[in-house]
Amino acid sequence: MIEQVYPDIFKIQIPLPNNPLKATNAYLVKGDERNLLIDTGFNRSECREAMDQAIEELGIAMENTDIFITHIHGDHSGLAGYLSRPTNTVYSGRYCAQSLQGYAEEGLKGFFDDLISQSGLPHISISAHPGYTYASDIVESVAIVQDGDILQVGEFSFQCIETSGHAPDHVCLYDSERKILFSGDHILGKITPNNTIWAPPATITRDYLGEYLKSLDKIASLDLKVVFPAHRYVLEDGYTRIEELKSHHQRRLENILTILGKGSLSGAQVASQMQWDLSIKSWEDFPPAQKIFATGEALAHLTHLVFQKVVVKELKDGVVYYTRV
């Protein structure tokens with residue numbers, strides 16, 4: 001489905017079959033000589049067909065349409081390889097670029113098994129993770145953007161805003177004249193972005209949740225009128241949503257500290273006792289992919305609490321356990 005959401009900006013809903021997110025919002029910005037496509041959907045037939053149909057209906061050609069990937073998750077980057085052409089440019093942050101080109105040092109495949117085992121989950125194959133299963137084909141060349149870089153598309157002047165946390169590098173696009181923001185997964189309406197960690201729990205050196213919260217404050221300092229997220233609906237009050245997201249994570253941190261009051265627990269044990277807004281109520285009934293996401297969310301918050309020195313961690317028999325100080 002295509003919807004014009006702003007002059008020369010079109011929202012393209014790319015379906016995500018059998019996924020609770022339901023769809024990814026790709027955005028097509030039309031320019032005079034070149035267009036820009038922001039995010040793509042999974043690398044699977046249903047997404048390819050939806051994108052091909054949208055390209056035809058919009059009357060554009062990928063040969064003069066560049067691609068901007070907000071972050072590496074498969075529902076955003078999956079079709080980068082499929083849509084790449086010798087005459088267009090794929091833009092992304094450094095980590096995303098390395099992953100798309102097939103040589104990220106800390107790619108999901110590299111640490112997945114350690115993350116699963118150290119979290120206390122029983123063995124789960126990486127094939128259960130949709131972001132890996134539906135990842136992009138290799139992209140030979142990616143133009144790396146940095147915080148503050150400008151991409152000109154017709155009359156639009158988009159500033160790249162680095163907003164790490166949800167992913168090792170996540171980049172939003174902001175037009176200060178029109179006060180519009182393409183937020184990727186950094187800010188979503190109704191649903192909250194999944195936060196996880198991108199290294200084994202025992203050796204992680206980055207506080208991804210802490211980075212995410214700081215990135216929210218970074219966006220809150222901008223003059224915003226409209227926010228175009230990668231899932232669900234367009235936001236006309238980004239500031240209120242930012243405060244709601246911050247409050248959500250504060251409640252989650254408090255919930256985890258209450259859970260840890262019962263003793264030393266692994267990431268999976270904490271996740272199994274957290275409050276989830278899901279129709280499935282029993283942890284045992286969670287599908288493998290949902291257990292991965294829930295445990296990753298728990299680990300992001302536990303790691304943040306470790307960085308704040310209110311929780312300590314210990315690697316014991318191959319599993320990391322967390323205890324309140």
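**From the first strands to helix α7**

Strand β2, residues 9-15, is mostly covered, with five of its seven residues buried. The model described here is a predicted one, and this strand offers a convenient point of entry.

On one side, β2 is joined by four bridges to strand β1 (residues 2-6), and the two strands run antiparallel. Within this pair, Tyr 6 stands opposite Ile 9 of β2. The two strands form a hairpin with two residues between them, and Asp 8 in the turn has a positive phi of about 70 degrees. Strand β2 is also joined to strand β3 (residues 23-29), here by seven bridges and again in an antiparallel arrangement. In this second pairing, Phe 10 stands opposite Leu 28 of β3.

Helix α1 comes next. Its 14 residues, 45-58, should span 20 Å at 1.5 Å a residue, and the end C-alpha atoms are indeed 20 Å apart, so the expected and modelled values agree. The buried residues of α1 are Cys 47, Ala 50, Met 51, Ala 54, Ile 55 and Leu 58. Because these residues cover an arc of only 135 degrees around the axis, they lie on the same side of α1. A general rule accounts for such a pattern: an α-helix has 3.6 residues a turn, so residues three or four places apart point the same way. The elements covering the buried residues of α1 include the strands β1, β2 and β3 already introduced, together with β4 (35-38) and α3 (80-83). On the face turned away from the buried side, α1 carries the exposed residues Glu 49, Glu 56 and Glu 57. After α1 comes Gly 59, whose phi is positive, near 70 degrees.

Further along the chain there is an open sheet of five strands, in the order β8-β9-β10-β11-β12, with mixed pairing. Its edge strands are β8 (150-153) and β12 (226-229), each of which pairs on one side only. Neighbouring strands of this sheet are turned by 25 degrees against each other on average, direction ignored. Inside the sheet, three bridges join β10 (residues 171-175) to β11, and these two strands run antiparallel. Here Tyr 174 stands opposite Leu 181 of β11.

Two strands of this sheet also meet helix α7. What covers the buried residues of α7 includes β9 (156-162) and β11 (180-184), as well as the helices α8 (238-260) and α10 (288-307). Among the buried residues of α7 are Tyr 208, Leu 209, Gly 210, Tyr 212, Leu 216 and Ile 219. The 13 residues of this helix, 208-220, should span 18 Å at 1.5 Å a residue, which agrees with the 18 Å between its end C-alpha atoms.

Conventions
Residues numbered from 1 in each chain as written. Predicted model: local features only at pLDDT ≥ 70, side-chain atom pairs only at ≥ 80, totals over all residues. Heavy atoms only, no water. Expected span 1.5 Å × (residues − 1). Buried < 20%, exposed > 50% of the residue type's maximum accessible area, 1.4 Å probe, protein only. Contact = heavy atoms within 4.5 Å. Pairing = 2+ DSSP bridges. Arc of directions from axis to C-beta. Axes fitted to C-alpha atoms, helices over the stretch in contact; angles between N-to-C directions.
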